[in-house]
Structure formats: C-alpha cells, structure tokens
Amino acid sequence: MLEAIKETAAFISRKLDPVPSTAIILGTGLGGIVDEMTEKQTLDYHDIPNFPVSTVEGHKGMLITGKLGKREVLVMQGRFHYYEGYTMQEVTFPVRVMKFLGVKQLIVSNAAGGMNPEFRVGDIMIINDHINTMPNPLIGVHHPEFGARFPDMSQPYNRKIIDLARTIARELNIPVREGCYVGVTGPTLETPKEYEYMRIIGGDAVGMSTVPESIVAHQMGIDVFALSVITDLGVPGKILPLTHQDVIDAAGRVTPQLTRLIVKLIERLN
Ligand code: HPA
C-alpha cells in the first residue's frame, strides 16, 4: 500500500503544483463550496492512479486545488464510504496520500442526523469527539511512516482550530453547536431505538463518514477539524421518514453559511 500511496502522491504533485497545505473533504450536499473557488485546477478521480471512484449521488469525485478566499486549498469533492463496499484502506487512501503531499490541516464536513434534543435541522455542529462503531481503519499492516501503531485519541479534533472556529462563528453571527459524532457503517439510517441508543452512549449526531478519515489523518499527524450539518433529527417525537435526497437538500441549504465559516477559518489558520 505504501508504494501505491507514494505513486499517487507523486502523480498528484506533478498535476497540481503546488499542493496547498490545507485540505477539505466535502460531505453530502456540500459540494457548492467549490463554486466559491477561483484559479481552479481539477483532477477527476478516474484519472488518478490507485484512487477509488465515488459512486454515490451527490458526490462528484474531483480533486481540486484553487483559492478559497485568500488561501490555497486542496478539495476532495466526493469521498469514499465504507457502505459503498470499499475497504477501510480504500476509504482512507486519499488521506494517506494527503500526508505525502504535505497537507498539514484537514477540514472534514458531513451531513448527519441529530440526536441532541436541542438541535434543529440546518444546524452546524463542530465535532469535538467521536464514537467509532465502524471497523477501525488502522486494522492491518502498519508502516512506521503512518505514525503510531496505537495512536493516542485523547484529542483527535484539534483544540486550537475548534477554538478559532468558535470565535469566527461568533464574529460572523453563524450559530454553531458542538458535540460528539457517532460513526456508523450505514447504509441504513437509524431506527428510533438506534438513535436513542446513540444518544445514551453520548452521541449528539450520527453519520456514515468522517471517523475513518479523521483517525487516519490524526495518526499521520495532520491537524483535523470536522463539522456536521444536521440534516434530520433522531430525537423521539421528531423522527420523520428520510430519503437521501432530503439529506442532500437540507445540507445544500446550509452551504452558504458553512462556506463563509470555512473561508474565514482557513484564512486565519497558521
Ligand atoms: N443517520 C446516519 N447518517 C446520516 C443521517 C442519519 O440520520 N443523516 C445524514 N446522514
């Protein structure tokens, strides 16, 4: 796997030169951030050696560099989910590649269901912890280049970036929540009792992504900042039938706010 990672990193750095030190993984329905970028260079996942290819509606499958506000960023528009049938190594492959490309900070976004009874559809939640119920992405062969075999997880989401994001949200008058994201395999959404269970164990939101990428990035020494857009509620009495299109639409409505927050945040990252 190490050879494939290095080969892919070498390919990308030839095509997208220079590679920015900040990367963003865009979640379901949040691809609109790319419309705000200028001076774009684009690589289709299909054209990147060893890259898996995204199959889900609402995920485009492009690696893009360009300016977001005043800063250069590397954007993954479309990510790989475990429920699509990829192995965890495939799901997290692009994050490994990022490290070899020199990425220092990773911003991850997702659409999620909210279990916290104070949450509303359309809320933005800063992820300050997670509970992983998926297979761990670090199971398998370990290479010292990846980082620790047994990574510390006392603070997987970078405290300084969380503080900065909170400050910026206040300045921009964008209300934000904070909480714990429960990572599940999907692809089923939760039953009422499953939502209740995830609330009891400490979850504020639940979704099918982000945790594998965050674990791998953290292991490799990349600073991780992650956000959920609450697209539906898993709160007793507020659970409604849900389609994937509902999730895409609800996330899309928050894209303008999320974009403003991320643009300012990136501007002020070191
Ligand atoms: N559960 C799991 N994943 C999700 C949800 C949900 O309610 N909403 C958006 N992604």
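Biologist: Let me get the classes straight: Ala, Val, Leu, Ile, Met, Phe, Trp, Tyr, Cys and Pro count as nonpolar, Asp, Glu, Lys and Arg as charged, and the others, Gly among them, as polar. On that split, how many residues of each class does the shell around the ligand have?

Modeller: Seven nonpolar, three polar and two charged. Keep in mind that this is a predicted model.

Biologist: Noted. Which residues are around the ligand?

Modeller: Ala 111, Ala 112 and Gly 113 make up one run, and Val 206, Gly 207 and Met 208 make up another. Leu 189, Glu 190 and Tyr 195 are there too, along with Thr 231, Asp 232 and Val 247.

Biologist: And which strands supply at least two residues of that shell?

Modeller: Strand 5 (105-114), strand 8 (205-207) and strand 9 (223-233) each do. Strand 5 gives the most, with three residues.

Biologist: Let's talk atoms. What lies 2.5 Å from a nitrogen atom of the ligand?

Modeller: A polar atom in the side chain of Glu 190.

Biologist: What about a polar backbone atom, whose is 3.2 Å from a ligand nitrogen, and which residue is that?

Modeller: Gly 113. There, a nitrogen atom of the ligand and a polar backbone atom of Gly 113 are 3.2 Å apart.

Biologist: And an oxygen atom of the ligand, which side chain has an N or O atom 2.6 Å from it?

Modeller: That would be the side chain of Asp 232. As for cover, the ligand on its own has 260 Å² of accessible area, and the protein covers 96% of it.

Biologist: Where does the ligand sit?

Modeller: In the largest pocket.

Biologist: OK, switching to the backbone. Which peptide bonds to a proline are cis?

Modeller: One is the bond from Asp 17 to Pro 18, with omega near 0°. Another runs from Gly 186 to Pro 187, also with omega near 0°.

Biologist: Where is Pro 18 found?

Modeller: In the loop that links helix 1 (2-15) to strand 1 (22-26).

Biologist: And the place of Pro 187, where is that?

Modeller: Also a loop, the one between strand 7 (176-183) and helix 4 (192-200).

Biologist: What's up with phi at Asn 50?

Modeller: Phi is near 70° there, which is positive, and Asn 50 isn't a glycine. You'll find Asn 50 in the loop between strand 2 (38-44) and strand 3 (62-68). Asn 50 counts as partly exposed because its relative accessibility is 40%.

Biologist: Then Thr 210, what is its phi?

Modeller: About 70°, so a positive value in a non-glycine residue again. Thr 210 sits in the loop between strand 8 and helix 5 (211-219).

Biologist: Is Thr 210 buried or exposed, and what is its relative accessible area?

Modeller: Buried, at 0%. The cut-off for buried is under 20%, so Thr 210 qualifies.

Biologist: Which side chain does the side chain of Thr 210 make a polar contact with?

Modeller: Asn 110, side chain to side chain, at 2.8 Å.

Biologist: New topic: Ile 200. Where is it found?

Modeller: In helix 4.

Biologist: Buried or exposed, that Ile 200?

Modeller: Exposed, with 66% relative accessible area. The C-alpha atoms of Ile 200 and Met 115 are separated by 9.5 Å, and the two residues are 85 apart along the chain.

Biologist: How about Ile 33, where is that found?

Modeller: In the loop between strand 1 and strand 2. Ile 33 counts as buried, with 0% relative accessibility.

Biologist: What separates the C-alpha atoms of Ile 33 and Pro 256?

Modeller: 7.8 Å in space, with 223 residues along the chain.

Biologist: And Pro 135, where is that one found?

Modeller: Pro 135 is in the loop between strand 6 (124-132) and helix 3 (159-171). At 31% relative accessibility, Pro 135 counts as partly exposed. From Pro 135 to Tyr 86 it's 12 Å, C-alpha to C-alpha, and 49 residues in sequence.

Biologist: Last one. Where is Ser 214 found?

Modeller: In helix 5. Ser 214 counts as buried, at 0% relative accessibility. Its C-alpha and that of Ile 5 are separated by 17 Å, with the residues 209 apart along the chain.

Terms used: Residues are numbered from 1 along each chain as its sequence is written. This is a predicted model: local features need pLDDT of at least 70, side-chain atom pairs count only at pLDDT 80 or more; totals for chains, interfaces and linings use all residues. Side-chain values use heavy atoms; hydrogens and water are left out. A residue is near a molecule or strand if one of its heavy atoms lies within 4 Å of it. A polar contact is a pair of N or O atoms within 3.5 Å; within protein, one must be able to donate a hydrogen and the other to accept it, and residues adjacent in sequence count only if both atoms are side-chain atoms. Accessible areas come from the Shrake-Rupley method with a 1.4 Å probe; for residues, only the protein chains shown count as cover. On a 1 Å grid over the protein atoms alone, a cavity is a set of points where a 1.4 Å probe fits but cannot get out, and a pocket is an open set with protein on both sides within 12 Å along at least five of seven lines; lining residues have an atom within 4 Å of a point. A molecule sits in a cavity or pocket if more than half of its atoms lie within 2 Å of its grid points. Helices (H or I, at least four residues) and strands (E, at least two) are DSSP runs, numbered from the N terminus. Buried means under 20% relative accessible area, exposed over 50%, partly exposed in between (1.4 Å probe, protein chains only).
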